[in-house]
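Work through these exercises with the sequence and the 3D view side by side. Try each task before you read its solution.

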Amino acid sequence: MLSKAFAVGLKQTIFIPTSLLVIGMSSTAVFAQLNKLYNPIPLPSTYEVADTLSDKDIPTGQGGFARDYMVKLNKGDNLAIDLSSDNFDSIVTLLGPDGTTVAENDDGPDGSSNSLLFTRITQAGMYIVRVRSFGETGVGAFKLKVTRLQPVK
């Protein structure tokens, strides 16, 4: 009788750590897959890109798509980020090193559906410039330009 109780207790003790091990291995595989899937594009040294937003990019959950560009910025940088497209209503978002939204613009000051934002960087690090379409407005060609503004002397 004692050996049967011992065997049941041993079986439960082995089962719990095995379950946790399986869960741990599964979550590690998921995180590895996510890291493979999310790979922001480094912004070229010219800080300009002509590219195409497609239905293969990041779904926004609002019917549109997004494409991310990575750029290293310094504390005190003053930026102008210009995003234009003849194919879709654009939105540009600057995400900080911690993933929070630093600044965002939908429509530029000229009344068009292009985007223009100005911001000052308060923390050095790797930032994400996110190009996306408004709602379900689509996909297509766009131009993105990040300019570091210089003070007037």
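**Exercise 1. The overall layout**

How many helices and how many strands does the protein have? Give their order along the chain.

Solution. Keep in mind that this is a predicted model.
- Step 1: count the elements. The protein has one helix and ten strands.
- Step 2: walk from the N terminus. The order is α-β-β-β-β-β-β-β-β-β-β.
- Step 3: look at the cover. Of the 153 residues, 31% count as buried.
- Step 4: look at the surface. The accessible surface comes to about 10000 Å², and 60% of that belongs to carbon and sulfur atoms.
- Step 5: look at how far contacts reach along the chain. Take contacts between residues at least 6 apart in sequence; 73% of these join residues at least 24 apart.

**Exercise 2. The partners of strand E4**

Find strand E4 (residues 65–73). Which strands pair with E4, and in which sense?

Solution. Take the partners one by one.
- Step 1: strand E1 (residues 41–42) pairs with E4 in the parallel sense, over two bridges. Here Pro-42 has Met-70 of E4 as its bridge partner.
- Step 2: strand E3 (residues 58–59) pairs with E4 in the antiparallel sense, also over two bridges. Pro-59 stands opposite Phe-65.
- Step 3: inspect the link between E3 and E4. The two form a hairpin with five residues between them. In the turn, Gly-61 has a positive phi of about 85°.
- Step 4: strand E9 (residues 125–133) pairs with E4 in the antiparallel sense over eight bridges. Ala-66 has Arg-132 of E9 as its bridge partner, and Arg-67 stands opposite Val-131.
- Step 5: judge the cover. Buried means under 20% relative accessible area. Seven of the nine residues of E4 are buried, so the strand is largely enclosed by the rest of the structure.

**Exercise 3. Strand E9 and its residue Ile-128**

Is Ile-128 buried or exposed? Which residues does it touch?

Solution. Start with the strand.
- Step 1: Ile-128 lies in strand E9. E9 is mostly covered, with seven of its nine residues buried.
- Step 2: check the residue. Ile-128 has a relative accessible area of 13%, so Ile-128 is buried.
- Step 3: list the contacts beyond four places in sequence. Ile-128 touches Tyr-38, Pro-40, Asp-68, Tyr-69, Met-70, Thr-93, Leu-94 and Leu-95.
- Step 4: compare chain and space. Ile-128 and Thr-100 are 28 residues apart along the chain, and their C-alpha atoms are separated by 9.9 Å.

**Exercise 4. Thr-93 in strand E6**

What does the side chain of Thr-93 join in a polar contact?

Solution. Place the residue, then look around it.
- Step 1: Thr-93 sits in strand E6. Six bridges join E6 to E9, and the two run antiparallel. The bridge partner of Thr-93 in E9 is Arg-130.
- Step 2: Thr-93 is buried, at a relative accessible area of 3%.
- Step 3: find the polar contact. The side chains of Thr-93 and Glu-104 are joined at 2.7 Å.
- Step 4: add further contacts beyond four places in sequence. Among them are Thr-101, Ala-103, Ile-128 and Val-129.

**Exercise 5. The largest nonpolar core**

Which residues touch the most other members of the largest nonpolar core?

Solution. Recall a general trend. In soluble globular proteins, nonpolar side chains tend to be buried together.
- Step 1: this core has 22 residues, and Ile-81, Leu-94, Val-129, Phe-142 and Leu-144 touch the most other members.
- Step 2: name the sources. E2, E4, E5, E6, E9 and E10 each give two or more residues. E4 gives the most, with four.
- Step 3: zoom in on Leu-94. Beyond four places in sequence, its contacts include Leu-73, Leu-79, Ile-81, Tyr-127 and Val-129.

**Exercise 6. The open sheet**

Which strands stand at the edges of the open sheet?

Solution. Write down the order.
- Step 1: four strands form the sheet as E2-E10-E5-E8, with antiparallel pairing.
- Step 2: E2 and E8 stand at the edges, each with a single partner strand, so one side of each is left without a neighbour in the sheet.
- Step 3: neighbouring strands are turned by 20° against each other on average, direction ignored.
- Step 4: check one pair inside the order. E5 and E10 are joined by seven bridges, and Ile-81 has Val-146 of E10 as its bridge partner.

Note on methods:
Residues are numbered from 1 along each chain as its sequence is written. This is a predicted model: local features need pLDDT of at least 70, side-chain atom pairs count only at pLDDT 80 or more; totals for chains, interfaces and linings use all residues. Side-chain values use heavy atoms; hydrogens and water are left out. Buried means under 20% relative accessible area, exposed over 50%, partly exposed in between (1.4 Å probe, protein chains only). Two strands pair if DSSP finds at least two bridges between them. A nonpolar core is a set of buried Ala, Val, Leu, Ile, Met, Phe, Trp, Tyr and Cys residues joined through side-chain atoms within 4.5 Å. Contact means heavy atoms within 4.5 Å. A polar contact is a pair of N or O atoms within 3.5 Å; within protein, one must be able to donate a hydrogen and the other to accept it, and residues adjacent in sequence count only if both atoms are side-chain atoms. Axes are lines fitted to C-alpha atoms, for helices over the stretch in contact, and angles run from 0 to 180 degrees between N-to-C directions. Accessible areas come from the Shrake-Rupley method with a 1.4 Å probe; for residues, only the protein chains shown count as cover.
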